[in-house]
Amino acid sequence: MSALRPFVRFPTNALEFANIVLTTDDAVLGATPRDVIWTHRGTTLYRYRSESREYAVPLLLVFALINRPEIFDLRPGGSLVEYLVAEGFDVFLVDWGSPDEEDADMGLDEYVCDELHWAIRETLRASGADELSLMGWCIGATLCAMYCGLNEIPPNGALGAARVGRNGRTHGAGPAAIRNLALLTMPIDARRSRYATWVGDPEFDVDEVASEWRVIPGGAIDFANKMLKPVTNYVTSYRRLWQGVQDGKARRDAYQPMAKWVADNPAFPGRAWSQWIRMMYRDGTLVAGRARLRGRRVDLGRIDQNLLVVTAGADHIAPRPGTMPIFDLVASEDVTHIARPGGHIGLIAGSAARKEIWPEMAEWLAERSER
Amino acid sequence: MAERRESGSTSAGAKRESGSTSAGAKRETGSASGAGRQSRSREADGGAPQSAEDQVRALYEQAESSSAQAFEEFVSKPSFGWLLARSAENVAAMSRIGADLADIVLRTVRIAGRADIVRLARQLQRNEDKLERVLQEVEQLRDEVGDGEQPRRSNGGDPKADERVKAQS
């Protein structure tokens, strides 16, 4: 009789499985209450509401250009933002928006020297603080490291370099305003990664693809990411869900938000993509200290902030060896490295993160966020 | 000074890494053959024998694990990279040709095409860039003139959020 049970339960299991997959889009991401502080082009700066801010130094979260930043605030009970707000931090988040063809001219220069710089400025203005903590994840972490690696932020056009007001407030922001820098699963030298095998071929005309497509479609980026581990991404995730349904252990509230987030890929502006491929996978200019943004050299040796680096052992997107050179480059006196098993996203956003890594990250920040 | 912090950070990192690597190895082996390994150990311990369902599941997972490894090796080859790169170039070129063609058709019937909308959007963005710079200059001047005045939003935002900032400071 027990041998027949799987067959008897198959129709109900199939219905449940299909229902979970088909209603994935109904999952609510980013549910923590927040206010819009500043907008420019597609970029939005949010501040999370809190009645119990304990730490004087605000925290600005920066995510990658290839996925939505809602991963920081995935679901109630499984949200890093919710956790940090409850711990007493004044949390801000920069959202790059969803670029389209009109944003094709957005390069890494614009993201670092304009959007991130101005988001930092507005964070300082809104919080009234002189310094902040910057926490980047994936490409977002690389952008944060680049920002701190500039001696000053080169202006675009007529606007002069950031100035300090007569009242002494550094609302102009700049790398000096970053007290703590947390870099989560960050690539800085990916020349030996699987991606590099794909895009490193000199015959692959990166500029032509960027110019033809103008913005690299999110679907293409998603396909490339999934092809790094094709069976795991296209088969195993569904098989695990099916198995969970069979065993009565499938957690809709955990599966759906992550599945929805993974499938939501904004386009990558062509110019930024082309610069990224060259800097990270072909020339390795960032790690060699030869990368330039608006003509200014990005020198990671200028990073002197309190530094937290988190790496994941099973990270196939930003493998640990591609992050390790940062330790030989920075000038920081206070360096902490949290090296754990886990994947690129799962380490920080997985179901175990709340118990395993968030407390450690919050503790590191708390110790360095008093006035 | 620099040496001290390097050794401190390295040792701390090494400690954590060594701990985590072993944990990682454990996890990896655990997930490699999954249920099959569990069932086998159950049998070895003299526990209940595997059910047919468990056996099928273990076999499937073993096959999936092997094929995952094989596919990962396949996509790591430069030839796959070449294939992917050429396909990307071709798809990008075709989508550009298609988009240009559609724009020509729309313009011929005097309807704004995608290219026209993009041009308009870029003009709006240029204006927004200039407005942002003016706002920053104004804020800078206000900070300099009104010493001690509380910071304000440059644009967007919820007035209540500002009130909360004021109350806190």
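## Chain B at a glance

Two residues are in contact when heavy atoms lie within 4.5 Å. By that yardstick, in chain B, residues 24 or more positions apart account for 11% of the contacts with a separation of 6 or more. This is a predicted model, in which local features need pLDDT of at least 70, side-chain atom pairs count only at pLDDT 80 or more, and totals for chains, interfaces and linings use all residues. Residues are numbered from 1 along each chain as its sequence is written, chains are lettered from A and ligands numbered from 1 in the order in which they are written, and side-chain values use heavy atoms, with hydrogens and water left out.

Chain B has 5 helices and 0 strands, in the order α-α-α-α-α from the N terminus. Here helices (H or I, at least four residues) and strands (E, at least two) are DSSP runs, numbered from the N terminus. Of the chain's 169 residues, 28% count as buried; buried means under 20% relative accessible area, exposed over 50%, and partly exposed in between (1.4 Å probe, protein chains only). Chain B has an accessible surface of about 11100 Å², and carbon and sulfur atoms hold 60% of that. These areas come from the Shrake-Rupley method with a 1.4 Å probe, and for residues only the protein chains shown count as cover.

## A patch shared by both chains

Which residues make the nonpolar surface patch of about 350 Å²? They are A:Phe223, A:Tyr234, A:Val235 and B:Tyr60. Patches are made of residues with over 30% relative accessible area and no salt bridge, where like charges are joined within 9 Å and nonpolar side chains (Val, Leu, Ile, Met, Phe, Trp, Tyr) within 5 Å. Chain B's member of the patch, B:Tyr60, sits in helix α2 (residues 52–75) of chain B. B:Tyr60 counts as partly exposed because its relative accessibility is 38%.

## Aromatic rings

Over all chains, the whole structure contains 14 aromatic pairs. Rings of Phe, Tyr and Trp (its six-membered ring) pair if their centres lie within 6.5 Å; planes under 30 degrees apart count as stacked, over 60 as edge-to-face and the rest as tilted. One edge-to-face pair is A:Phe63 with A:Trp137, at 5.3 Å centre to centre and 85 degrees between the planes. This pair links distant parts of the chain, 74 residues apart: A:Phe63 is in the loop between β3 (59–62) and α2 (80–86) of chain A, and A:Trp137 is in strand β5 (residues 132–137) of chain A. Both A:Phe63 and A:Trp137 are buried.

A:Tyr195 and A:Trp198 also pair edge-to-face, because their ring centres are 5.9 Å apart and their planes stand at 85 degrees. These two are buried and lie 3 residues apart, about one turn, in helix α5 (residues 194–199) of chain A. An α-helix has 3.6 residues a turn, so residues three or four places apart point the same way. A:Tyr195 and A:Trp198 join A:Tyr281, B:Phe74 and B:Phe80 in one aromatic cluster.

## Salt bridges

How many salt bridges does the structure hold over all chains? There are 39, each being a side-chain nitrogen of Lys or Arg within 4 Å of a carboxyl oxygen of Asp or Glu. Among them is A:Arg121 with A:Glu122, whose closest N and O atoms are 3.0 Å apart; both A:Arg121 and A:Glu122 are buried.

A:Arg179 and A:Glu131 form a salt bridge too, with their closest N and O atoms 3.0 Å apart. This pair connects distant parts of the chain, 48 residues apart, with A:Arg179 in strand β6 (residues 178–184) of chain A and A:Glu131 in the loop between α3 (108–127) and β5 of chain A. A:Glu131 is partly exposed, with a relative accessible area of 27%. In chain B, B:Arg107 meets B:Asp116 in a salt bridge (3.0 Å, N to O), and B:Arg107 is partly exposed at 41% relative accessibility. A network of salt bridges links A:Asp100, A:Glu101, A:Glu102, A:Arg214, B:Arg96, B:Asp100 and B:Arg114.

## A covered helix and an exposed loop

Helix α15 (residues 358–367) of chain A is mostly covered, with 7 of its 10 residues buried. The buried residues include A:Trp358, A:Glu360 and A:Trp364.

A:Asp304, in the loop between β10 (296–297) and β11 (306–312) of chain A, is exposed, with a relative accessible area of 52%. Leaving aside neighbours within four places in sequence, A:Asp304 is in contact with A:Ala331 and A:Ser332.
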